[in-house]
Amino acid sequence: MLKRMSYSSFPEDVLEHVFSFVQSDKDRNAISLVCKSWFEIERWCRRRIFVGNCYAVSPRMVIRRFPDVRSVELKGKPHFADFNLVPEGWGGHVYPWIYAMATGYPCLEEIRLKRMVVTDETLELIAKSFKNFKVLVLSSCEGFSTHGLAAIAANCRNLRELDLRESEVEDLSGNWLSHFPDTCTSLVALNIACVGSEVSFSALERLVGRSPCLRTLRLNRAVPLDKLANLLRRAPQLTELGTGAYSSDLRPEALSNLAGAFSGCKELKGMSGFWDVVPAYLPAIYPVCSGLTSLNLSYASIQSPDLIKLVSQCQNLQRLWVLDYIEDSGLEALAASCKDLQELRVFPSEPFGVEPNVSLTEQGLVCVSEGCPKLESVLYFCRRFSNDALVTIARNRPNMTRFRLCIIEPRTPDYLTHQPLDTGFGAIVENCKYLRRLSLSGLLTDLVFEYIGTYAKKLEMLSVAFAGESDLGLHHVLSGCEGLRKLEIRDCPFGDKALLANAAKLETMRSLWMSSCLVSLEACKLLGQKMPRLNVEVIDERGPLDSRPKSFPVEKLYIYRSVAGPRFDMPGFVWNMDEDSALRLS
Amino acid sequence: MSAPLEHDYIGLGLAEASSMEIASEKLSSTSSSSSTLSTEQNSSSNNNNNNSNNGNKALLDFKETELRLGLPGSKSPERKPTNNGVSVPLFGKDIENSSSKGYSLSPLKNIVSGAKRGFSDAIDGSSGNWGLSMNGKSEADLCKGAVLYSPRGGGLDEKNKIIKETSVLPQSPKAAQEKKKNQLPASNEPNSAPAAKAQVVGWPPIRSFRKNTMASNLAKNNDDDGAEGKSGSGCLYVKVSMDGAPYLRKLDLKTCSNYMELSSSLEKMFSCFTIGQCDSNGLPGRDGLSESRLKDLLHSSEYVLTYEDKDNDWMLVGDVPWGMFAGSCRRLRIMKGSEAIGLGMYHFFSFSLERFWRKTLLWSNKDK
């Protein structure tokens, strides 16, 4: 490692030691701006990097600046890819990064990816390139199969974490788990909940049995309930458990056996899974309820009475994810029992149903906002709302930091007054001064955006759908929200003017997504040409761009800042609007 | 490909040259967006921020350049005629006479961009009744079929303007006809034309993993009646691969109701492949469709559509009634004809790349 003599009187070693206590990226970045010698020292001792948009910078640039990194986190596709708005083949390939890091970071230990395309070839390259590889987290990734997993299992001798949360894995064989060698005893976390096929259960049992440090185990649906007790007995030190299918033929001894196994898990803090729940088996987890801080029942089709019985015992609950089967009555019980609740997510059980199938309304959320003083993060799907309810929630919970409301039918007005929900959301942004994330729904005019632009100064991420009336709406947001990093918009009548007038703002943000809006191709080209540090990408599956007039709106638009220039892996339906591309197009 | 029919209905009131100049001047003259509009913002914040306030409008020249959409031949009286002489305020609300109180939007609350809403709902202002037998289209189908307006006669007053999003999923002529007549009450009958409401892609915003899990939950609960479950899972994405293509596509089978629609969806999807693609790792493809290869494909081979069913067998598409197919299809593969010989050729659904995806459909049981 090169050591430069610096004119400062502080020896480098001391500075480096001090810097090692500073872990946050923001602070590290600030340190590096103090002076050239600090920049140098800092870059040599940075061990962890986070790249929020894998196309914002090239792997080579990263490796050049930070030569000795041990942990990398990358994000690929835009958030709306979760909802099938980003066509397959769009990009987000991680292979070029892994290829570069295979030589650049031989000591790499941790890779965390979100919404990226990961192939088996990539996994194999990881498995053979990094001798000390420890942590692999693939969140909402796709493109790989169980063969790739087998390569990781077989070759990563010191693997601590293999976490496949919500990724799409092609099931070619359940055997991959057996590829963990008997010498592998270092596992701390294993999450295979998204793997469809059955894994070899005996291999799983043995793996769990020889992993004394295992703290997180999330099984997939294929692991039957009657095997759970055995697993728990081998891993009583677990703190996080995801069950497999939670159903079985009802046998009384099976129930007490399971309850006994759970009682042995004295450190269990979080639970998830619960597919295909048979309510009669729920009492098995009662022994651990009082210790639970996190409970994910969002795949569990259990009705309100059983849910109430369950949550009433979880007085220390901080996070609850649940289906709308919980109903207003269940949320009332939640508000009464769980005073430490910080995060609530209520998902719809039948989002495409024509009629509401459960009695879940705005009242449930209002109740929780009243009863749970620490509530700060909400995701709530329901079918009706009112301005009054939103105002009440806002006044109850000025500490709200993440608020995502999804009224299932687009453009639904206040069900009491038939007015737009501008006032309600306005109250949210005005009262909740620390709001970082907001998703809107319901009937909304430009007024709500004016409120957002005026009050939501700490807002970092905004999601908008079927809202607004004119470019003024978009303009309010872009010109008012100082901390805005990510903006995603679909089906809103926002067009060229607001975008072009606020072009410079886009360089201060990570990305902007607009689909089914009214931005013309011409405006995109103009933006792409005038702003060299932005990648303005038009996604349009209708054919070559020049087959339509330039004033015609593009299907989808994804704009992000980048120091790497246009990317090389754009598929046929994605065009970059910079100077050269524009020449090619016209 | 001919220009989509939507063009005929769009009165893009963009005074293009002038608005672009204004915008670009702003861009080049300032370095920060806030300074561009600082003075204007002050004045705008002083005003009651009301859309009817012309001060706001003038600032960004909205009035002049507001995008307008409308019926061919219709003219909104306050508007200057645009180039093609049609203009209609967006969302049925004139900017001038709109006000924050003027929310005669109740007729409009039911309009969902991209959803196959009863157009007649807009006119009548009727509320509720979402149960239209719509078939969604895949996004790839955008160019096909124009958005249609079949006004129910009578003058359209100012409140009931036609709304159209230029980039919404267009509706087929058939669908528009159905919309006019067909307002199904919300029903629980799964068998009469799918009672699910019109589907919008990606809405409500629920991840695929969750959707698929819930779908199979529902299917289990309903005990396999009618293959698709009572209220429908909303969408059914299957992977579609094509021999020689560098990456897969995904298709929502629920957007098709018969083999014809499937064929056109697939055409749309794969006609987007162009020369010089990247391989599955995003690296400039050696295996991509090179120019000469594309020509080969265009001139020679027939492709055959096959699918993998629940039992992991590969079958030719078209042999069974649509419903049965949709219920058992796990994924699709567009195979080279030569490879499909083993699957039997007498009933096949195939299409070639010649003449821009001419279809050749032969199937034994054409679905209703």
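This passage describes an annotated region, the nonpolar cores and a run of parallel strands in chain A, and the overall make-up of chain B.

The model is predicted; local features require pLDDT of at least 70 and side-chain atom pairs pLDDT 80 or more, whereas totals for chains, interfaces and linings use all residues. Residues are numbered from 1 along each chain as its sequence is written, chains are lettered from A in the order in which they are written, and side-chain values use heavy atoms, without hydrogens or water.

An unreviewed UniProt entry lists residues 10-51 of chain A as "domain: F-box"; such annotations may be inferred rather than shown by experiment. Helix accounts for 62% of this stretch and strand for 10%, with 31 Å between the end C-alpha atoms. Helices (H or I, at least four residues) and strands (E, at least two) are DSSP runs, numbered from the N terminus.

A nonpolar core is a set of buried Ala, Val, Leu, Ile, Met, Phe, Trp, Tyr and Cys residues joined through side-chain atoms within 4.5 Å, where buried denotes under 20% relative accessible area (1.4 Å probe, protein chains only). The largest such core comprises 206 residues, and the members touching the most others are Tyr246(A), Phe262(A), Leu320(A), Phe403(A) and Ile452(A). Beyond its neighbours within four places in sequence, Ile452(A) has contacts (heavy atoms within 4.5 Å) with residues including Val429(A), Leu438(A), Leu440(A) and Cys481(A). A second, separate core contains 23 residues, among them Val238(B), Leu253(B), Tyr259(B) and Phe270(B). In soluble globular proteins, nonpolar side chains tend to be buried together.

In chain A, strand β16 (residues 402-407) has five of its six residues buried. Strands are taken as paired if DSSP finds at least two bridges between them. Strand β15 (residues 377-382) of chain A runs parallel to β16(A) and is joined to it by six bridges, with Val378(A) opposite Phe403(A). Helix α15 (residues 387-396) of chain A lies on the path from β15(A) to β16(A), a right-handed β-α-β crossover; right-handed signifies a clockwise path from the first strand over the helix to the second, with the strands pointing away from the viewer. On β16(A), three bridges also form a parallel pairing with strand β17 (residues 437-439) of chain A, and Arg402(A) stands opposite Arg437(A). The crossover from β16(A) to β17(A) passes through helix α16 (residues 422-431) of chain A and is likewise right-handed.

Chain B contains eleven helices and nine strands. Of its 368 residues, 53% are buried.

How values were computed: Buried means under 20% relative accessible area, exposed over 50%, partly exposed in between (1.4 Å probe, protein chains only).
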